[in-house]
Amino acid sequence: MVSFIVSIIALIVGYMIYGKIVDGIFGPDPNRDTPAKRLNDGVDYVEMNWKKAFLIQFLNIAGTGPIFGAVAGAMWGPVAFLWIVFGCIFAGSVHDFLIGMMSLRKDGASVSELVGENLGEGARKLMIVFSVVLLVLVGVVFITSPAAILNDLTGIDKMILIGIIIIYYLAATVLPVDKIIGRIYPIFGIALLIMAVGIGVGIVVQGYDIPEISLHNFHPKGQSIFPYLCISIACGAISGFHATQSPMMARCLQNEKEGRKVFYGAMISEGIVALVWAAAAMSFFGGTSGLGEALGHGGAAVVVNRISNTVLGKVGGALALLGVVACPITSGDTAFRSARLTIADTIKYKQGPILNRFIVAIPLFVVGVALCFIDFNILWRYFSWSNQTLATIALWAAAKYLNNNGKNYKIALIPAMFMTVVVTDYIIIAPEGFVRFFQGVPVSTIETIGFICGIVVSALCTMGFFKTLKKNK
């Protein structure tokens, strides 16, 4: 229990100290007009106070991510606390803040445009594909999963529920940001925070045995901690999906000085939510074996429902419903909205007229509907890797941006190097990767090969990065 409490304190201190360092390195200018002031169009560029922007950003990047991901990551035991704390402070929050502020300085540009400006046209094209595919996958995942849960709860035909959710998504995608998102997101954001606080206090007060931090691998099937833990817990540590969301609020901030509160602060808050759910999942079922059994009988949604109802009673049941139904829907709608903005930025297509918004959005939803008929687990596996790969590319772009502007680029370079090892290692050894080419090779050997390849690729990227610095000089 001590480790859990210390971890939460570490995240708060990280915001106050390292967040301030990162903010100082970037150098926000309170006198510079933000895109919301200069380009206000009443649709995507709309001024919002920082508190509302924070809650929208928090719910945009959170949803069920820090809940379901943390529950899955708890299978490795309390080492998950370390990844959440260090990943969130030194990688995830830096990633979200820098992309958000870079977008703020570039008229609210999407992440693919930011990558292209700093890493070149080839990287821009790659990032367009990565980000749009990722966003559509997120939207699809968060259509099918809440529809399945609502079908189980109400008995209403699943296809009818999918249709209702898609209609809502389309409205949230094309209507002005302050009409739906700006009104309901702050409410759901507050509810998600209350849910986390309630669960956190409940497991402490009710005496659940939260394990202390250890590097021991508690996974029942012995799956290696690295890189699987770093992929499983994305939201709550670092997630490329956030890079697609930060530009949305970059178009709404009233002052650059609000960036640390909105971007860095929302990620730290998400890290706290992830810590709470990781601790709850580890302790509620008496260990990772019990957790694994619970996950095998209904998945993370059932785990969240059982913990919430037991720890918080009827209130917990209502909050669990919010967590497993409403929160994924609020991630899915902004995923499609961000995909629309990314494509519009790419083809330089003005989004003021509502017809233009429909022209971009309709093809996205046609693809999304088609993907709804593919197995959820297959979609989620590929989403996990592409999500962290997108974060890695965004960090390299942020490091280049900082260097180009004479700032300390190491705050982005070091996590970029680390995440390059993670995503390279994972795509080699994971079932959806290149492991199929290693038939008959022992698992330990494959894992060694994956790790070495990760180190090599990271080293090559780093050498390439420093080579461009010499050219710039």
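**Questions on a predicted model**

Trainee: Where is Lys-257 found?
Mentor: This is a predicted model, and the place of a residue is given by the elements around it. Helix H11 covers 241-250, and H12 follows. Lys-257 is found in the loop between helix H11 and H12.

Trainee: Is Lys-257 buried, partly exposed or exposed?
Mentor: Lys-257 touches Asp-23, Pro-28 and Pro-30, leaving aside residues up to four places away in sequence. Partly exposed covers the range between under 20% and over 50%. The relative accessibility of Lys-257 is 44%, so Lys-257 counts as partly exposed.

Trainee: How many of the residues of H11 are buried?
Mentor: The buried residues of H11 include Phe-241, His-242, Gln-245 and Met-249. H11 is largely enclosed by the rest of the structure, because the number buried is 10 of the 10.

Trainee: Which residue forms a salt bridge with Arg-251?
Mentor: Arg-251 is in the loop between H11 and H12, and its partner is in helix H14, 94 residues apart from it. Both residues of the pair are buried. The closest N and O atoms are 3.0 Å apart, and the partner is Asp-345.

Trainee: How many residues apart in sequence are the parts that Arg-340 and Asp-44 tie together?
Mentor: The side chains of Arg-340 and Asp-44 meet in a salt bridge of 3.0 Å, N to O. Arg-340 is buried at 0% relative accessibility, and Asp-44 is buried at 4%. Arg-340 lies in helix H14 and Asp-44 in the loop between helix H2 and helix H3, so the parts are apart in sequence by 296 residues.

Trainee: Glu-113 forms a salt bridge with Lys-348; which of the network's residues are linked with them?
Mentor: The closest N and O atoms of Glu-113 and Lys-348 are 3.8 Å apart. Glu-113 is in helix H6 and Lys-348 in the loop between H14 and helix H15. Glu-113 is buried, with a relative accessible area of 15%, whereas Lys-348 is exposed at 66%. The network of salt bridges links this pair with Glu-121 and Arg-124.

Trainee: Is Ser-331 buried or exposed?
Mentor: Ser-331 has its place in helix H14. Its contacts include Leu-59, Val-138, Phe-142, Tyr-185 and Phe-241. Buried means under 20% relative accessible area. The relative accessibility of Ser-331 is 1%, so Ser-331 counts as buried.

Trainee: Which helix gives the most to the largest nonpolar core?
Mentor: That core has 158 residues, and Leu-98, Ile-203, Tyr-264, Trp-277 and Ile-307 touch the most other members. Leu-98, for one, touches residues including Phe-26, Leu-402 and Ile-411. With 17 residues, the helix that gives the most is H12.

Trainee: What accessible area do Ile-5, Ile-9, Ile-12, Val-13, Met-16, Ile-17 and Ile-21 have together?
Mentor: One of these residues, Ile-17, is found in helix H1, residues 2-26. The seven named residues form a nonpolar patch on the surface, and their accessible area together is about 590 Å².

Trainee: How many disulfides does a search of the whole structure find?
Mentor: A disulfide needs two cysteine sulfur atoms within 2.5 Å. For Cys-88 the nearest cysteine sulfur, that of Cys-235, is 11 Å away, so by that cut-off Cys-88 is in no disulfide. Cys-88 is buried at 0% relative accessibility, and Cys-235 is buried at 11%. The number of disulfides found is 0.

Conventions:
Residues numbered from 1 in each chain as written. Predicted model: local features only at pLDDT ≥ 70, side-chain atom pairs only at ≥ 80, totals over all residues. Heavy atoms only, no water. Buried < 20%, exposed > 50% of the residue type's maximum accessible area, 1.4 Å probe, protein only. Core = buried A, V, L, I, M, F, W, Y, C linked by side-chain atoms within 4.5 Å. Helix = DSSP H or I, 4+ residues; strand = E, 2+ residues; numbered from the N terminus. Contact = heavy atoms within 4.5 Å. Patch = residues over 30% accessible without salt bridge, like charges linked within 9 Å, V, L, I, M, F, W, Y side chains within 5 Å. Areas by Shrake-Rupley, 256 points an atom, 1.4 Å probe, with all protein chains shown as cover. Salt bridge = Lys/Arg side-chain N within 4 Å of Asp/Glu carboxyl O.
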